[in-house]
Amino acid sequence: MNETTLSCDVLIVGAGPAGLSVAASLPDELASIIVHQDREIGLPVRTSGACWMQDVERLGIPEGMYKRMRSNEVFADKEHALIELGDEIPVILDTPKLYQWLARQSDHKNRRLLMATKFLTTRLREDGRYESTVRARGGPEQRVVSRYVVDGSGWHFAVLDALGLVAKPERLAVGTEYEYPLGRNADDRVIAFVGRKVPAGYGWAFGTAHGTLRIGVGVIQPDTDASPRALLDAVVTDRAYLARMGLDLQGPPLVVHSGILPSVAYDARLVFGRVIRVGDSANFATPTLGEGIRVCIEFGRLLGEKLGEAARTGRDGPLQEYERACRRKLERDYKWGFLVNTRAARYTPAQWNASVRRMGQAGPDALVATFRGEFPRAKIARMALIFLRQYLRARLRRIRMRLGWG
Ligand SMILES: Cc1cc2nc3c(=O)[nH]c(=O)nc-3n(C[C@H](O)[C@H](O)[C@H](O)COP(=O)(O)OP(=O)(O)OC[C@H]3O[C@@H](n4cnc5c(N)ncnc54)[C@H](O)[C@@H]3O)c2cc1C
């Protein structure tokens, strides 16, 4: 076997938004290698790219890499709700452009990007370094010796699995999307659909930043055995169903996207000696809508900074700080969010009808909190108060009608 050995401070497995954000915030002089099994950054597309204006601004994502959405609607089999989000503006990210921009943030650094190269395995050597085996497509195996290994491989859990640190997730959100010419559809309308067409999941449609229409379906397996592609085919060939949502699809789809993300309870352990996980490998996507990109960028950047400090000082303390910061920000919210996730995955079409009716009556605060997967105590108390008020009003109405006062 023809083998070569490379060495670096940090080996990053996976050039998704998480791995690229880690590389972007490592100190310039620290040597890093990213291995990425795909041939191009950001392609093929495996995500929908929904995000929020507040995050785009906070993360400094440049204009031209996202599209603002103006109207939001949810359809259940027998209900339809216009979703009022107050000052919060949903956006659709152009993910190939965004990920390529993230990659450029580390172009000037002491960083090598090995494309079409797969991480195979790793082992801890006696000198405390990791020796990983990677292989470029059609090429020989290579060794990469590093002080730190970052698992940014998404749902593959490639490094964690190779070292037997964390089992691969058994519950997965699996999605398929078709992209059509925009045609007569509005380019700034977001639609979600739930009910009989999408068991244990939901569907979506929206205009993209590059002037197309995307429609997709995501389900949680094994909560359902149904394939998202078969469900999506049943949606896009049902003219009456599409017409009710005001969608007009022209011809066959231009592109098909498929993606997978873990849908398991948040596990706060992210650091295993000098192996650290980030992104979907760390279950960063929100349990409510499965929105991970903004979280991957924020905490990927934090991990890059903390890795820099750890490498400079030789201490592992900064890595523990990364783990604690993620725990503080995500653990509580994701516990509540996961409750919503597992409950909604069991909803019957009738329960979805009731849920969409409630969405139509709920205020922006409660909706934004649920969609973003953020449940701070004050918001939960406010939401409980709103629900209590709605419940009491409905009861009062019924009593008045029974007494003949209404
Ligand atoms: C259908 C679907 C829709 C989604 N919609 C949204 C959305 O609207 N908004 C949002 O914010 N998030 C969404 N998400 C979630 C979001 O895409 C993820 O949270 C995010 O991509 C995770 O980033 P990551 O860098 O951790 O992993 P990934 O984006 O999965 O990147 C990891 C990369 O590592 C590579 N890799 C894996 N194993 C190896 C290996 N052994 N060797 C080398 N490379 C490897 C993979 O090819 C992959 O490109 C969606 C996900 C899915 C599946």
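**Close-up 1. Strand β4 is joined to strand β7 by three bridges.** The two strands run antiparallel, and β7 covers residues 90-93. This is a predicted model. One bridge can be picked out by its residues: Tyr66 has Leu93 in β7 as its partner. Strands of a sheet pair through backbone hydrogen bonds, either parallel or antiparallel.

**Close-up 2. Strands β3, β7 and β4 make an open sheet.** The order across the sheet is β3-β7-β4. Pairing is antiparallel. Two strands form the edges: β3, at residues 50-52, and β4, at residues 66-68. Each edge strand pairs on one side only. From one strand to the next, the twist averages 35°.

**Close-up 3. Strand β5 is largely enclosed by the rest of the structure.** This strand spans residues 71-75. How many of its five residues are buried? Four are, so the surrounding structure largely encloses β5. Here, buried means under 20% relative accessible area.

**Close-up 4. Strand β5 pairs with β13 in the parallel sense.** Five bridges link the two strands. Strand β13 takes in residues 189-195. Look for Val74: its bridge partner in β13 is Ala192.

**Close-up 5. Strands β5 and β6 form a hairpin.** Four residues lie between the two strands. They run antiparallel and are joined by three bridges. Strand β6 is made of residues 80-82. Val74 appears again in this view, now opposite Ala81 in β6. In a regular strand the side chains alternate between the two faces of the sheet.

**Close-up 6. Helices α7 and α8 pack at an angle of about 160°.** Helix α7 holds residues 293-313, and helix α8 holds residues 317-344. Their axes are 7 Å apart. Are the helices roughly parallel or roughly antiparallel to each other? Angles over 145 degrees count as roughly antiparallel, so α7 and α8 are roughly antiparallel. Their crossing is right-handed.

**Close-up 7. Residues of α7 meet residues of α8.** On the α7 side, the contact includes Val295, Phe299, Leu302, Leu303 and Leu307. Glu298, Lys306, Glu309 and Ala310 also belong to the α7 side. On the α8 side, it includes Pro318, Leu319, Tyr322, Ala325 and Cys326. Glu321, Lys329, Leu330 and Tyr334 are also among the α8 residues. How do the contact residues divide into nonpolar, polar and charged? The contact has 13 nonpolar residues, no polar ones and five charged ones.

How values were computed: Residues are numbered from 1 along each chain as its sequence is written. This is a predicted model: local features need pLDDT of at least 70, side-chain atom pairs count only at pLDDT 80 or more; totals for chains, interfaces and linings use all residues. Side-chain values use heavy atoms; hydrogens and water are left out. Two strands pair if DSSP finds at least two bridges between them. Axes are lines fitted to C-alpha atoms, for helices over the stretch in contact, and angles run from 0 to 180 degrees between N-to-C directions. Angles under 35 degrees count as roughly parallel, over 145 as roughly antiparallel, 65 to 115 as roughly perpendicular and the rest as oblique. A crossing is left-handed if the near helix is turned anticlockwise from the far one by less than a right angle, and right-handed if clockwise. Contact means heavy atoms within 4.5 Å. Ala, Val, Leu, Ile, Met, Phe, Trp, Tyr, Cys and Pro count as nonpolar, Asp, Glu, Lys and Arg as charged, and the others, Gly among them, as polar. Buried means under 20% relative accessible area, exposed over 50%, partly exposed in between (1.4 Å probe, protein chains only).
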